[in-house]
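Here is my note on the model you sent round. Please read it with the structure open beside you.

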Amino acid sequence: MDHNKEVTLTHFSTEHLDHLNSFQLPTEQEKFTALPKNAIEVTRNQYRMVLLSNEKPVGYFLLHSTERVMEYTDNPHAMLLTAFSINYPYQGKGIAKKGMLLLEDFVKKEFSTCNEIILAVNHKNIPAQKLYAKVGFQDTGRRKVGLIGEQFIMSLEINEDLS
């Protein structure tokens, strides 16, 4: 296992499409997220993000600054993270954690008015809960009922640079 993989976050580009369309997830994971090919169409104020490992697309998620964000927080400067997935052959290698650790700085640079990332994670999706907690997301205590049960609302504060 190569622990020295370069992991980066970037905006979606059509050059990523073939890799994203070939993503595979086990059935037990598919119920918790959307495959990139099913979340590729976006509306205004939705942003497609790609997680690259050695410049190859291996992860995908959406960031929203739509009215939907207000279903999860009262913060008008928050963004909602949805549809996070890592292509199955690349799971278990620390890539998701490395990518999520880049999220705060990426959002500061690309979405300067955002000061919080919100997400909902299913109460049965323990691996995702652990990942989000490891990278700094905190349980807000809020709950939302999703299509397959209760979801915990988690938040990552985007701290301003004090330089």
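The points below go from the sheet to its helices, then to rings, backbone angles and single residues.

1. **Status of the model.** This is a predicted model. Everything below should be read with that in mind.

2. **The sheet.** Seven strands form an open sheet with mixed pairing. The order is β1-β2-β3-β4-β5-β7-β6. The edge strands are β1 (7-11) and β6 (138-146). Each has a single partner strand, so one side of each is left without a neighbour in the sheet. From one strand to the next, the twist averages 30°.

3. **The β3-β4 pair.** β3 covers residues 56-64 and pairs with β4 in the antiparallel sense. Five bridges hold the register. For a reference point, take Tyr60: its bridge partner in β4 is Ser85.

4. **The β6-β7 hairpin.** β6 and β7 form a hairpin, with two residues between them. The two strands run antiparallel and are joined by six bridges. Within this pairing, Arg143 stands opposite Phe152 in β7. Lys144 lies over the face of Tyr72, at 5.3 Å from the ring centre.

5. **Helices across the sheet.** Helix α4 (residues 103-110) lies across β1, β2 (46-53), β3, β4, β5 and β7. Its direction is at about 30° to β1. Helix α5 lies across β4, β5 and β7. The angle between α5 and β5 is about 160°.

6. **The two sides of α5.** Which residues of helix α5 are buried? In this helix, residues 126-134, they are Ala128, Gln129, Leu131 and Tyr132. Seen down the axis of α5, they fall within an arc of 165°, so they line one face of the helix. Pro127, Lys130 and Lys134 are exposed on the other side. The buried residues pack against β4 (78-86), α3 (95-101), β5 (116-122) and β7 (149-157). After α5 comes Gly136, with a positive phi near 110°.

7. **Gln129 in detail.** Gln129 is found in α5. Its relative accessibility is 16%, and Gln129 counts as buried because the cut-off is under 20%. Leaving aside neighbours within four places in sequence, Gln129 is in contact with Val121, Asn122, His123, Lys124, Phe152 and Met154. Phe152 is also the residue that Arg143 stands opposite.

8. **Aromatic rings.** How many aromatic pairs does a search of the whole structure find? There are four. In one of them, the ring centres of Tyr132 and Phe137 are 5.6 Å apart. Their planes are at 65°, so this pair is edge-to-face. Tyr132 and Phe137 are both buried. These two residues belong to one aromatic cluster with Phe61 and Phe84. Tyr132 thus appears twice in this note, since it is also one of the buried residues of α5.

9. **Positive phi outside glycine.** Most residues other than glycine have a negative phi. Two residues are worth a look here. Asn45 has a positive phi near 65°. Asn45 sits in the loop between α2 (27-30) and β2. Asn45 is partly exposed, at a relative accessible area of 25%. Ala83 is not a glycine either, yet its phi is positive, about 60°. Ala83 is placed in strand β4. Its relative accessibility is 16%, and Ala83 counts as buried.

10. **Val58.** Is Val58 buried or exposed? At 0% relative accessibility, Val58 counts as buried. Val58 lies in strand β3. Leaving aside neighbours within four places in sequence, its contacts are Phe23, Leu51, Leu52, Ser53, Ser85, Ile86, Asn87, Tyr90 and Ile95. Ser85 in this list is also the bridge partner of Tyr60. Phe32 makes a useful distance check: Val58 and Phe32 are 26 residues apart in sequence and 18 Å apart in space, C-alpha to C-alpha.

Key. Residues are numbered from 1 along each chain as its sequence is written. This is a predicted model: local features need pLDDT of at least 70, side-chain atom pairs count only at pLDDT 80 or more; totals for chains, interfaces and linings use all residues. Side-chain values use heavy atoms; hydrogens and water are left out. Buried means under 20% relative accessible area, exposed over 50%, partly exposed in between (1.4 Å probe, protein chains only). Helices (H or I, at least four residues) and strands (E, at least two) are DSSP runs, numbered from the N terminus. The arc is that of the directions from the helix axis to the C-beta atoms. Contact means heavy atoms within 4.5 Å. Two strands pair if DSSP finds at least two bridges between them. Axes are lines fitted to C-alpha atoms, for helices over the stretch in contact, and angles run from 0 to 180 degrees between N-to-C directions. Rings of Phe, Tyr and Trp (its six-membered ring) pair if their centres lie within 6.5 Å; planes under 30 degrees apart count as stacked, over 60 as edge-to-face and the rest as tilted. A charge sits over a ring if NZ of Lys or CZ of Arg is within 6 Å of the ring centre and within 35 degrees of the ring normal.
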